[in-house]
Amino acid sequence: MMMLQKAVQNTDYDAWQTYAHMVNTRPVAMFRDLMGLKLDPAQAIDIDQVESVEAILKRFDSAGMSLGALSPEAHEAMATAMNRLGGRSNSGEGGEDPARYGTERMSKIKQVASGRFGVTPHYLVNAEVLQIKVAQGAKPGEGGQLPGDKVSPLIARLRCAKPGISLISPPPHHDIYSIEDLSQLIFDLKQVNPTALVSVKLVAEPGVGTIAAGVAKAYADLITISGYDGGTGASPLTSVKYAGSPWELGLTEAQQVLRANGLRGRVRMQTDGGLKTGLDVIKAAILGAESFGFGTGPMIALGCKFLRICHLNNCATGVATQEIKLRSKYFIGLPEMVMNYFTFVAQETREWMAKLGVRSMEELIGRLDLIELSEGKTDRQKRLDLSELVSMGDIPDSEPRFCVVDSNPSFDKGELAEQMVVDAMDAIEHKAMLTLDYPIRNINRSIGARVSGEIARRYGADGLPDGCLTFRFHGSAGQSFGVWNSRGLHLDLEGDANDYVGKGMAGGRIVIYPPKQAAYASNASIIVGNTCLYGATGGQLFAAGMAGERFGVRNSGALAVIEGAGDHCCEYMTGGVVIVLGETGYNFGAGMTGGFGFVYDPNERFAYRYNNELVDIHLINNEATGMYRAYLLDKIARHVEFTGSVVGRAMLENFDDYVDYFWLVKPKAATLESLLKD
């Protein structure tokens, strides 16, 4: 570590070679250490015949490390370095300050899974790559975690949360139940930002090849296979000990399965997790990677001393802390240090390529004939059979070893969404009032995302003036109706909608109500599906009917009025308001740290259904909570105004009778007065 820092701080390539030799000749610690290169002096070429350092640098990314896990200075230095080199930095899942957009401090890769932090249309359109973090190699199966000590006022603002409150982002199974749901999220992202590539981050677990094949069929453009040998700048040690698998296992399995199914040519493959030197890059490329993610290495280049106390917020080098005193006094990192690190990796990579007689990275990717396995020195090493990792079986050589297309376009061309953009573009450009009507069917997915992306691209987070642009629909909407909804965009639907209504919405209004001739009671019928308002940061949703499961998960700013909900409503919520004019399922408010909710409970069951770990419940009709009566009455009135709700109208007409059955749900850490003020 000291030799690496000497090399990058002094632009000393001789010191780098000493460092690289120490790493490349270490005792066997990883599977790749048992993989040697077949170096034939007769095949070697002059290094001038190898592709340039600049060409190789374009294949390097900094791994997903969030602002929150890292200090703002470290996060921005990483982004600046990668932009100057022509590579890409990854924002991580903590959002990014909009002040960085359009500058060399902006991360070109924006990480997202719909309920992550700070995901808005403005965030999504300021990216070249949108990465869906299904999992993390160092702690597969978990969402991101940020201890309360690291949630500074800046971090809280970017993550739409409260300072000092611990944050947990939902694990991916909260909204991605199947490969079809992942496909829908990929489509959502391609709708809001059609120019961006969509990446999916997987982990090197057994069976990842099958998942990778599904991801390719779901029209992702890139796949990252993440190994366990990496870190996390925020999570407790119990999350990262004895978890995950080496990237060598996952990468080779994914390469084999994708080639066997004729899919390798459609997607780019990346790996990350403990890559340190150019030799690591060479071996990863031979096993199937065409781009490479680095996390720990560039962090050490910035001054990290690998103390493993990132989660305690007292990093002695200022790299992984939000403490201003530590950052201002001890952080020495500069973009040039990161630039030296990646330049040295690329230069060493070229030297190995010259020894192998390989002129370009494309010639190297998937070239398993250049690997020879070592028997190992210990009995345990000798019992390892790595032959499966360097075998392609009977897969013909005609199958591509790397991606041969620019992108992986979806079969769904989104005709209705494109027509909406054409019809509304003049109004968007001139901020003119416009109302348009369309029929809608359940094959029309992600409606509103294309328009929201165009609004965000022009006006950022400010969007359009309130109510400037209104679309009215009649029928049954497909999945993700109103996803990433921008400010000033109103969507009215007479009918019903599938899953993910209002997912990630940032502003505007979504109104859904049953047809006038409907023969059923709205409060006894589902009108929107599962996982609605997931990860919303603003806006309003009024639905005259029941919602499915996981309503309002990771809501951090939206107002919603619905007439019933399934299990797990308001899970991980950090802000906003959810009003349920009917019964809920179990586990209401699990992990809820902000915002508040109202639940109508005429059958007195709610006290047995909410999750009391982090929230309290209070009846509305008493002295302490009486100030909420007017607020609740006003929101029910708006619900009736927009949807014509029969249930809401009955409550307005006899409010004194109904209010006795309303519970207020609030985080235990919040006072009643502060909630109303917020």
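The paragraphs below walk through a helix, two sheets and two single residues of this structure, which is a predicted model.

We begin with helix 2, which comprises residues 13–24. Its twelve residues reach 16 Å from the first C-alpha to the last, close to the 16 Å expected at 1.5 Å a residue. Tyr13, Ala15, Trp16, Tyr19, Ala20 and Val23 are the buried residues of this helix, and because they cover an arc of only 150 degrees around the axis, they lie on the same side of helix 2. On the other side of the helix, Asp14 and His21 are exposed. The cover over the buried residues of helix 2 includes helix 1 (2–9) and helix 14 (335–356), the second of which returns below in connection with a sheet. At the N-terminal end, helix 2 is capped by Asp12, a side-chain oxygen of which lies 3.1 Å from the backbone nitrogen of Asp14, and Asp14 is itself one of the exposed residues just named.

The next element is an open sheet of seven strands, which has parallel pairing and the order 2-10-9-8-7-4-3. Its edges are formed by strand 2 (60–62) and strand 3 (109–112), each of which pairs on one side only. On average, and with direction ignored, neighbouring strands of this sheet are turned by 25 degrees against each other. At one end of the order, strand 3 runs parallel to strand 4 (residues 129–133) and is joined to it by four bridges; Ile109, for example, has Val129 in strand 4 as its bridge partner. Helix 8 (residues 208–217) packs on this sheet, where it touches strand 7 (197–203) and strand 8 (222–226), and its direction makes about 165 degrees with that of strand 7. Helix 14 also packs on the sheet, touching strand 2 and strand 10 (291–294), with a direction that makes about 150 degrees with that of strand 2. Helix 14 thus appears in two settings, since it is also among the elements that cover the buried residues of helix 2.

Within helix 8 we can look at a single residue, Val208. With a relative accessible area of 4%, Val208 falls under the 20% limit and therefore counts as buried. Leaving aside residues up to four places away in sequence, Val208 touches Leu202, Val203, Ile225, Gly250 and Glu253. Of these contacts, Glu253 is 45 residues from Val208 in sequence, yet the two C-alpha atoms are 7.0 Å apart in space.

A second residue, Ser152, is placed in the loop between strand 5 (145–146) and helix 6 (153–158). Its relative accessibility of 16% is under the 20% limit, so Ser152 is also counted as buried. Beyond the residues up to four places away in sequence, Ser152 touches Pro163 and Gln322.

The last element is another open sheet, formed by ten strands in the order 12-13-14-15-16-17-18-19-21-20, and here the pairing is mixed. Strand 12 (434–440) and strand 20 (615–619) stand at the edges and have a single partner strand each, so one side of each is left without a neighbour in the sheet. Neighbouring strands of this sheet are turned by 15 degrees against each other on average, again with direction ignored. Within the order, strand 19 (residues 594–600) and strand 21 (residues 662–667) run antiparallel and are joined by four bridges, and Gly597 has Val665 in strand 21 as its bridge partner.

How values were computed. Residues numbered from 1 in each chain as written. Predicted model: local features only at pLDDT ≥ 70, side-chain atom pairs only at ≥ 80, totals over all residues. Heavy atoms only, no water. Expected span 1.5 Å × (residues − 1). Buried < 20%, exposed > 50% of the residue type's maximum accessible area, 1.4 Å probe, protein only. Arc of directions from axis to C-beta. Contact = heavy atoms within 4.5 Å. Polar contact = N/O pair within 3.5 Å; in protein donor to acceptor, adjacent residues only side chain to side chain. Pairing = 2+ DSSP bridges. Axes fitted to C-alpha atoms, helices over the stretch in contact; angles between N-to-C directions.
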